[in-house]
Amino acid sequence: MIERISKRITFHPVIQAALDEGGYIAGGAGRALYLRKDMRDYLQVDGKHEKELTTTVGNMTFSFPYTMRPAGDIDIFFPSREKYNAAHERLSRMLSEKGLATALSVTFHVHLAEDKRALPNPAYKYTHNTPIQLVKCVHGKPEDMISNFDIVNCSVAITRDGFVVDDMVKRLEDRSALKIRRADSTQLFKRVMKYMLHRDIAHVDDTTRDMISEWLLCYVSGEFAGPTAQLSAKPSETWLESALKMGVLNRDHLAYLVGRPEFNAKITEADESLMSGYRVIGARNVINDLIGKSS
C-alpha cells in the first residue's frame, strides 16, 4: 500500500528546479530523507561523518564504529520524457553545462557544502560535489516507480509537495531489516550489500535468501530485465565473503556459482625484476575457496 504524506520541503536551488519541472527524488536519498538521516554524512559532504553509527531494533540500541562508506548521490526520476527534457534543459542553463551522460542518466555535480571556497587544485573539482542524477532510462509516476524498486526499503519518493512511501518501509526500518521485492536486476546483490554494510541495515527478512536464490538463477542464465540489464552483475569475492558472514548467503547459494570461469583467479608473488612487480605462480577458484572457508 502506498501512502502520501503532505509536507513541502525546500531543497538546494538545483534540486528544487528539477522538482519544479515535475521530477521527484526516489531510492536511497529518498529513504535517507524520510528517515531523517544526517544528509551531510549520507552524501559525505566535506568528509563529514559521525564518530560511531547507532542502530535501534525495538527497545535495544547497538553502536558500531564508523567505517568509510561510499558517498550517496541523489537520483531524480520523472513521470515522462518531456518532464525529463525540461529539467535537463533548465539545469543545463543554471549550471552552464550539459552534464555527464550515459544510457541511464545525466549527472550534474553540485556543491552542497557550507564552505563555498573554490578548491585550489582543478584535479579535485568534484571532491566535495554531490552527484545529482536525472534518470532518463525509465519514466513513471512516483507510486508506480517505487512499487517496482528491487529493494522495498528504498520505496520512497519525494515530490514538491511531500513524501510518497510504501507502508512496508517503516515496518522494515523499525526492525532494521532489508526486504527484496524483485530479483531480476543486475545490481541487486551489490545494492543489498551496500545497504547491509553502509546504510545501517542490521539483518535481512525471512524471504531475502529465497530472493537471492532467484537472483543467482538470473545470474547464471543471464536473464536479467530492465534498463540495467547490460551492466555487470558479477559479485566481488569480498562482498560474497561478507554476505556469508552476515547471513545474506549460505553455502547452498554458492553452489550456483561452482565452475563459473569468471571466478577463477591468479595466485601471484612479488617479483621486482618484472615490470608488473609480481609473477603468476598458480590459480585458484574463488567459490571453491569460500566453500572451504565456510565448512
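**Entry 1: the end of H7.** I began just after helix H7 in this predicted model, where Asp200 takes a positive phi of about 65°. I noted that Asp200 is not a glycine, and I placed Asp200 in the loop between H7 and strand E12 (203–204). For background I wrote down that most residues other than glycine have a negative phi.

**Entry 2: H7 itself.** Which residues of H7 are buried? I listed Leu188, Phe189, Val192, Met193, Tyr195, Met196 and His198. I then looked up what covers these buried residues of H7, and found that the cover includes H2, E11, E12, H8 and H9.

**Entry 3: a second positive phi.** I turned next to Ser176, whose phi is near 55°, again a positive value in a residue other than glycine. Ser176 is found in the loop between helix H6 (168–174) and strand E11 (177–178). Is Ser176 buried or exposed? With a relative accessible area of 1%, Ser176 falls under the 20% cut-off, and I therefore entered Ser176 as buried.

**Entry 4: the nonpolar cores.** The largest nonpolar core has 41 residues, and I recorded Leu178, Phe189, Val192, Trp215, Leu240 and Val248 as those with the most contacts inside it. At least two residues of this core come from each of strand E2 (24–26), helix H5 (142–146), helix H7 (188–198), helix H8 (208–221), helix H9 (237–246) and helix H11 (286–294). Apart from this core lies another, of 30 residues, and I noted Val14, Ala29, Tyr42 and Ile158 among them.

I followed up Trp215 separately: leaving aside its neighbours within four places in sequence, Trp215 is in contact with Ala183, Ser185, Thr186, Leu188, Phe189, Phe224, Ala233 and Pro235. Of these partners, Leu188 and Phe189 are also on my list of buried residues of H7.

**Entry 5: the largest pocket.** I looked up the space in the largest pocket and found about 1,200 Å³. The pocket is lined by 49 residues, of which Asp75, Phe77, Gln133, Arg191 and Thr228 are the closest to its centre. Which element gives the largest share of the lining? That is E8, with 5 residues. Helix H2 (28–34), strand E5 (74–77), strand E8 (129–135), H5 and H7 each supply at least two residues of the lining. By class, I entered the lining as 21 nonpolar, 18 polar and 10 charged residues.

**Entry 6: cross-reference.** Going back over these pages, I saw that H7 supplies at least two residues of the largest nonpolar core, and that H7 likewise supplies at least two residues of the lining of the largest pocket.

Note on methods: Residues numbered from 1 in each chain as written. Predicted model: local features only at pLDDT ≥ 70, side-chain atom pairs only at ≥ 80, totals over all residues. Heavy atoms only, no water. Core = buried A, V, L, I, M, F, W, Y, C linked by side-chain atoms within 4.5 Å. Buried < 20%, exposed > 50% of the residue type's maximum accessible area, 1.4 Å probe, protein only. Helix = DSSP H or I, 4+ residues; strand = E, 2+ residues; numbered from the N terminus. Contact = heavy atoms within 4.5 Å. 1 Å grid on protein atoms, 1.4 Å probe; cavity = no way out; pocket = protein on both sides within 12 Å on 5 of 7 lines; lining within 4 Å. Points joined across faces, edges and corners; volume = space filled by probe spheres on them. Nonpolar A, V, L, I, M, F, W, Y, C, P; charged D, E, K, R; others polar.
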